[in-house]
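Please open the model in a viewer with selection by residue number available. The tour below proceeds by successive selections, each followed by an account of what is found there.

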Amino acid sequence: MPEYAPFDKVLVTAAAPFVPQALLDQLKPEGMLVIPVDEGEAQRMKRIIKKADGRLIEELYDVFRFVPMLKGKNEQPPKK
């Protein structure tokens, strides 16, 4: 939802094979993204904090099971 960005927090409730760059681009500085990442039966929960200087701090958590993202899930969009 880029028309409403930037966001303080983004919470994704479907498993993604990778972290979509579009979601990172929509975070405010000091914003946080929580997303289950990986394909297969289990995913790792990932928390990403976007620092004021643009750096990304990633934290990995335990293994969970989520339904997969479907639309375009196997395609990484081109970087801007």
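Select alanine 52 to begin; this residue lies in the loop between S3 and strand S4 (56-64). The model is a predicted one. Alanine 52 is exposed, with a relative accessible area of 59%, which is above the 50% cut-off for that class. Leaving aside neighbours within four places in sequence, alanine 52 is in contact with Pro29 and Glu30. Add proline 29 to the selection and display the distance between the two C-alpha atoms: alanine 52 and proline 29 are 23 residues apart along the chain, and their C-alpha atoms are separated by 4.5 Å.

Next, select glutamate 30, one of the two contacts of alanine 52 just listed. Glutamate 30 belongs to strand S2 (residues 27-37). What is the sign of phi at glutamate 30? The angle is positive, at about 70°, although the residue is not a glycine. Glutamate 30 is partly exposed, with a relative accessible area of 45%.

Keep glutamate 30 displayed and add lysine 51. The side chains of these two residues meet in a salt bridge, with an N to O distance of 3.4 Å. Because lysine 51 lies in the loop between S3 and S4 and glutamate 30 in strand S2, the pair ties together parts that are 21 residues apart in sequence. Lysine 51 is partly exposed, with a relative accessible area of 26%.

The next stop concerns the remaining charged pairs of this tour. How many salt bridges does a search of the whole structure find? The search finds 6. In general, side chains of opposite charge can pair when their charged atoms come close.

Select arginine 65 and glutamate 41. These residues form a salt bridge in which the closest N and O atoms are 3.5 Å apart. The pair links distant parts of the chain, with arginine 65 in the segment after S4 and glutamate 41 in the loop between S2 and S3, 24 residues apart. Arginine 65 is exposed at a relative accessible area of 63%, and glutamate 41 counts as exposed at 63% relative accessibility.

Move now to glutamate 58 and lysine 46, another salt bridge, whose closest N and O atoms are 3.2 Å apart. Here the link is between strand S4, which holds glutamate 58, and strand S3, which holds lysine 46, the two residues being 12 apart. Are these partners buried or exposed? Glutamate 58 is partly exposed, with a relative accessible area of 47%, whereas lysine 46 counts as buried at 15% relative accessibility, since the buried class covers values under 20%.

Remaining in strand S3 (residues 43-50), select glutamine 43. Glutamine 43 is buried, with a relative accessible area of 2%. Not counting residues up to four places away in sequence, glutamine 43 touches Ala15, Pro36, Val37, Asp38, Asp62, Val63, Phe64, Arg65 and Phe66. Arginine 65, already selected for its salt bridge with glutamate 41, is thus one of the residues that glutamine 43 touches.

For the interior, select the largest nonpolar core, which has 11 residues: Val10, Val12, Ala16, Val19, Leu23, Leu24, Leu27, Leu33, Ile35, Val37 and Ile48. Helix H1 (21-25) and S2 each supply at least two residues of this core, and S2 gives the most, with 4 residues. In soluble globular proteins, nonpolar side chains tend to be buried together. Within the core, centre the view on isoleucine 48. Apart from neighbours within four places in sequence, isoleucine 48 is in contact with Val19, Leu24, Leu27, Gly31, Met32, Leu33, Leu56, Ile57 and Glu58.

For a local backbone feature, select alanine 5 and proline 6. The peptide bond from alanine 5 to proline 6 is cis, with omega near 10°. Proline 6 is found in the segment before strand S1 (7-11).

Finally, clear the selection and colour the chain by secondary structure. The protein chain has 1 helix and 4 strands, and along the sequence these follow the pattern β-α-β-β-β. Of the 80 residues, 28% count as buried. Among contacts between residues at least 6 apart in sequence, 25% join residues at least 24 apart. With the surface displayed, the accessible area of the protein chain comes to about 5,700 Å², of which 56% belongs to carbon and sulfur atoms.

Technical notes. Residues numbered from 1 in each chain as written. Heavy atoms only, no water. Buried < 20%, exposed > 50% of the residue type's maximum accessible area, 1.4 Å probe, protein only. Contact = heavy atoms within 4.5 Å. Core = buried A, V, L, I, M, F, W, Y, C linked by side-chain atoms within 4.5 Å. Salt bridge = Lys/Arg side-chain N within 4 Å of Asp/Glu carboxyl O. Areas by Shrake-Rupley, 256 points an atom, 1.4 Å probe, with all protein chains shown as cover.
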